[in-house]
Amino acid sequence: MFDIVISGAQVLLPTGLSRVDVAISNGQIAALPAPEDQVAARDRIAAEGLTLLPGAIDTHVHVRAPAFPERGTVLTETSAAAAGGVTTILEMPVTIPTTTSVEQLHLRRAHFERDTLANFGLYAGLGGIDAAQACALREAGALAFKIFTTAVPPGREAEFDGLACPSEDQQFRALEAASAAGLPLTVHCENAGLLKLFGQRSAGSNKAEAGFLNASRPAICETVAVAAIAAMNAEIGAKLHIAHVTSERTAEVLRRFSGLCDLTAEVCPQSLYASEADLAKAGVDGKTIPPIRYEADSQALWRALADGTITQVATDHAPFDAAEKQASAADFATAPAGVPGLEILVPAMLDAVATQKLSLPKAWDLVSASPARRFGLQGRKGEIAVGRDADLILVDMSAPTEIRKDTLFTQARGAAGLYAGRRFQGKVRRTIVGGTTVFNDGAITGRGGEGAFVPPA
């Protein structure tokens, strides 16, 4: 007697699409019986006409709470994850206080466990960049580390304490510490010296125009920072992961370093589906750092996904209150940087399949199996197989998803101007976390607390 049997769906197995049932017991996939086997179950989910996929794993998420509850809470943002088909999130340490100590990591875990609808893993900052500290954070449950190659943004010192590594010697020591702990190091790459130079050169530019962002933070800042840290890692051999790649030039650097060091990278939906022209329409709602580039960059990033140069798609979900954004509506220099993306990731990837940019197995490797491999979740998550966690989504490939502010679950819905009005082909119908349905046909069905903490393997 199984707890649940899902029947009638096309199921994406590691070998491809198949017509099998999926039996769940104790939160895990217990069997993959043939439809004619007629196995017994306490509950059945009829899924004719739908496709069953592994839940998405978003490796780049900011939740903000409890320091900034107006921007989002664990419940609101994991509700967005559930509605978007994201069953596991990895949360960045940018909060107050930053997650740079064992004590703070334990507090962060306890804060999440009460209300989360999604499974969650925690990044840690390296603080004093010490190998012993890195190993202690791993033992406490940190899944990965995060640094910025930039200086601390003025006025946000508390949010970036122990995370900013603008000098090469700091970055080198961070790679060493991450290597000692055996965990991935995710890096926000922009060269601090070049940012200062181009900031000075663009000081007289019209800050109300979207072009100001690419003038003050051009792609060369990202490209140089990626090349430098990849070169250092060729010496050290840490598990280096580059966050939110935005440009054709950076994709080419990643391609050149392929095979020379342990290196992976991610791209965000906004860099695939938007350009500076879209940013101009959305205004400061579309401000991200690094910024959205140009159409040629988007096309180059799609090619980099297709050929394996970039191995993941993640959102950099960064919620802000609409009032915060609009307070700087005419100033791209001072507006907060970030867009909500948890409800965009899966529809965007389904759309990539529908428009034949990617095959379904390739698209789901990018958002599920590949993140699982890189961040130590392989064997637990990322594929539909016996013994894996029952983190699953049912999607309708024939139905569209229209992004509307009034139907989003993120608390940052009012600042979702970059995506508002966009239609993606493909729709999430049901999200299952650990065998429990937390979202079904447009409604949140979980109460909070269904998600589980995910430590390193």
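Here are three short exercises on two pockets and one helix of this predicted model.

**Exercise 1: the largest pocket**

Find the volume of the largest pocket, the residues closest to its centre, and the elements that give two or more residues to its lining.

*Solution.* Let's start with the volume, which is about 1000 Å³ for the largest pocket. Next, go to the centre: of the 41 lining residues, Pro153, Arg217, Lys287, Ile289 and Ala337 are the closest to it. Now look at the elements. Two or more lining residues come from each of strand 11 (144-148), helix 5 (192-201) and helix 6 (211-216). Helix 5 provides the largest share, four residues. Finally, sort the lining by character: 20 residues are nonpolar, eleven are polar and ten are charged.

**Exercise 2: the second largest pocket**

Describe the second largest pocket in the same steps: volume, centre, elements and character.

*Solution.* The volume here is about 360 Å³. Among the 17 residues that line the second largest pocket, those nearest its centre are Thr401, Glu402, Thr407, Lys427 and Phe439. Two or more lining residues come from each of strand 16 (392-402) and strand 17 (423-433). Strand 16 gives the most, with three residues. Sorting this lining yields eight nonpolar, four polar and five charged residues.

**Exercise 3: the two sides of helix 3**

Work out which residues of helix 3 are buried, why they line one face of the helix, and what they pack against. Then examine both ends of the helix.

*Solution.*

1. Pick out the buried residues. In helix 3 (residues 131-140), Ala134, Leu137 and Ala140 are buried, which here calls for under 20% relative accessible area.
2. Recall the helical repeat. An α-helix has 3.6 residues a turn, so residues three or four places apart point the same way.
3. Look down the axis. The buried residues of helix 3 fall within an arc of 120 degrees, so they line one face of the helix.
4. Turn to the other side of helix 3, where Ala132 and Glu139 are exposed.
5. Find the partners of the buried residues. They pack against helix 2 (102-115), strand 10 (119-125), strand 11 and helix 4 (168-181). You have met strand 11 already: it also gives two or more residues to the lining of the largest pocket.
6. Check the start of the helix. Here a side-chain oxygen of aspartate 130 comes to within 3.0 Å of the backbone nitrogen of alanine 132.
7. Finish just after the helix, where glycine 141 has a positive phi of about 120 degrees.

Terms used
Residues numbered from 1 in each chain as written. Predicted model: local features only at pLDDT ≥ 70, side-chain atom pairs only at ≥ 80, totals over all residues. Heavy atoms only, no water. 1 Å grid on protein atoms, 1.4 Å probe; cavity = no way out; pocket = protein on both sides within 12 Å on 5 of 7 lines; lining within 4 Å. Points joined across faces, edges and corners; volume = space filled by probe spheres on them. Nonpolar A, V, L, I, M, F, W, Y, C, P; charged D, E, K, R; others polar. Buried < 20%, exposed > 50% of the residue type's maximum accessible area, 1.4 Å probe, protein only. Arc of directions from axis to C-beta. Contact = heavy atoms within 4.5 Å. Polar contact = N/O pair within 3.5 Å; in protein donor to acceptor, adjacent residues only side chain to side chain.
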